[in-house]
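Subject: Handover of a structure and the findings on it

Dear colleague,

Please find below the structure that I am passing on to you. I would be grateful if you could read the notes beneath it with the model open beside them.

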Amino acid sequence: MTGLSRRPARSRRDRHGRGLRGRLVPAEVPLARSRAEQFDDLVLDAVEDLERRWERELAGVEFAVEDVPWVDHTSPDDVVLDSDVLDDASVPLARILPAHREDGREVAPRIIVYRRPLELRAGDRDDLADLVRDVVVDQVAVLLGRDPEEIDPTG
């Protein structure tokens, strides 16, 4: 036998004899989805409902979710928002980026919904769903040059 000592194989257990922790809930359970993923689902639901009625008009429109808007100033009094931004007390909730040419190619119009400002204004999940729908409807109405009531008569 040689003088080399063999290192013990690394155990897959912690010091209390328990194994590594896995998921606490199954992937199919709503608890397994993050708030961001749940918010994405709310936006997708609103968009899918509108696309059924306005399929041709919304064919090239992209929808995106960002956590927070990028703002150049720290004081709300200094913030000057473009006309393509839907805001509440100088806090952007959503924005339309119109179609344009970039590097010789056409870029589709895009509606961006900001997650955190909307979550902070909602009392609960149902309120958030209604708020997301209202914001998406408003932005689609602005993009198409129509009234929000015409875009979504049920709202």
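The notes that follow begin with the chain as a whole and then turn to the sheet, the helices, the core and two individual residues.

**The chain as a whole**

Please bear in mind throughout that this is a predicted model. The chain has 155 residues, of which 25% are buried. Its secondary structure consists of four helices and six strands. Read from the N terminus, the elements follow the order α-β-β-β-β-β-β-α-α-α. One helix therefore precedes the strands in this order, a pattern that you can trace in the model.

The accessible surface amounts to about 11,500 Å², and carbon and sulfur atoms contribute 48% of that area. Among contacts in the chain with a separation of 6 or more, 53% are between residues 24 or more positions apart.

**The sheet**

Four strands form an open sheet in the order β1-β6-β3-β2, and their pairing is mixed. At its edges are β1 (62-66) and β2 (85-88), each of which pairs on one side only. From one strand to the next, the twist averages 15°.

In general, the strands of a sheet pair through backbone hydrogen bonds, and the pairing may be parallel or antiparallel. The pairs in this sheet may be taken in turn.

- β1 and β6 run parallel and are joined by five bridges. Here F63 has I111 of β6 as its bridge partner.
- β3 and β6 are antiparallel, with four bridges between them. I96 stands opposite I111 in β6, while R95 has I112 of β6 as its bridge partner.
- β2 and β3 are also antiparallel and have four bridges. In this pair, D87 stands opposite P92 of β3.

The hairpin of β2 and β3 has two residues between the strands, and A89 in this hairpin takes a positive phi near 55°.

Why may β6 be described as largely enclosed by the rest of the structure? The reason is that four of the five residues of β6 are buried.

**The helices on the sheet**

Helix α1 packs on the sheet, where α1 touches β1 and β6. The direction of α1 makes about 160° with that of β1. Helix α3 lies across β1, β2, β3 and β6, and runs at about 40° to β3.

**The nonpolar core**

As a general background, nonpolar side chains in soluble globular proteins tend to be buried together. In this model, the largest nonpolar core has 24 residues, and L118, V132 and V136 have the most contacts inside it. At least two residues of this core come from each of α1 (35-53), β3 (91-97), β6 (110-114) and α3 (125-144). Which element gives the most to this core? That element is α3, with seven residues.

V132 offers a useful place to look more closely. Apart from residues up to four places away in sequence, V132 touches F39, L42, V43 and L118.

**Two residues to examine**

The first to consider is A141, which is found in helix α3. Is A141 buried or exposed? Its relative accessibility is 1%, so A141 counts as buried, the cut-off for a buried residue being under 20%. When neighbours within four places in sequence are left aside, A141 is in contact with R146, D147, P148 and I151.

The other is D152, which lies in the segment after α4 (148-151). D152 also counts as buried, because its relative accessibility is 9%. Not counting residues up to four places away in sequence, D152 touches L50, R133 and V137. In addition, a polar contact of 2.7 Å joins the side chain of D152 to that of T154.

How far apart are the C-alpha atoms of A141 and D152? They are separated by 9.0 Å, and the two residues are eleven residues apart along the chain.

I suggest reading the sections in the order given, with the model in view.

Yours sincerely,

A colleague

Technical notes:
Residues are numbered from 1 along each chain as its sequence is written. This is a predicted model: local features need pLDDT of at least 70, side-chain atom pairs count only at pLDDT 80 or more; totals for chains, interfaces and linings use all residues. Side-chain values use heavy atoms; hydrogens and water are left out. A nonpolar core is a set of buried Ala, Val, Leu, Ile, Met, Phe, Trp, Tyr and Cys residues joined through side-chain atoms within 4.5 Å. Buried means under 20% relative accessible area, exposed over 50%, partly exposed in between (1.4 Å probe, protein chains only). Contact means heavy atoms within 4.5 Å. A polar contact is a pair of N or O atoms within 3.5 Å; within protein, one must be able to donate a hydrogen and the other to accept it, and residues adjacent in sequence count only if both atoms are side-chain atoms. Accessible areas come from the Shrake-Rupley method with a 1.4 Å probe; for residues, only the protein chains shown count as cover. Two strands pair if DSSP finds at least two bridges between them. Axes are lines fitted to C-alpha atoms, for helices over the stretch in contact, and angles run from 0 to 180 degrees between N-to-C directions.
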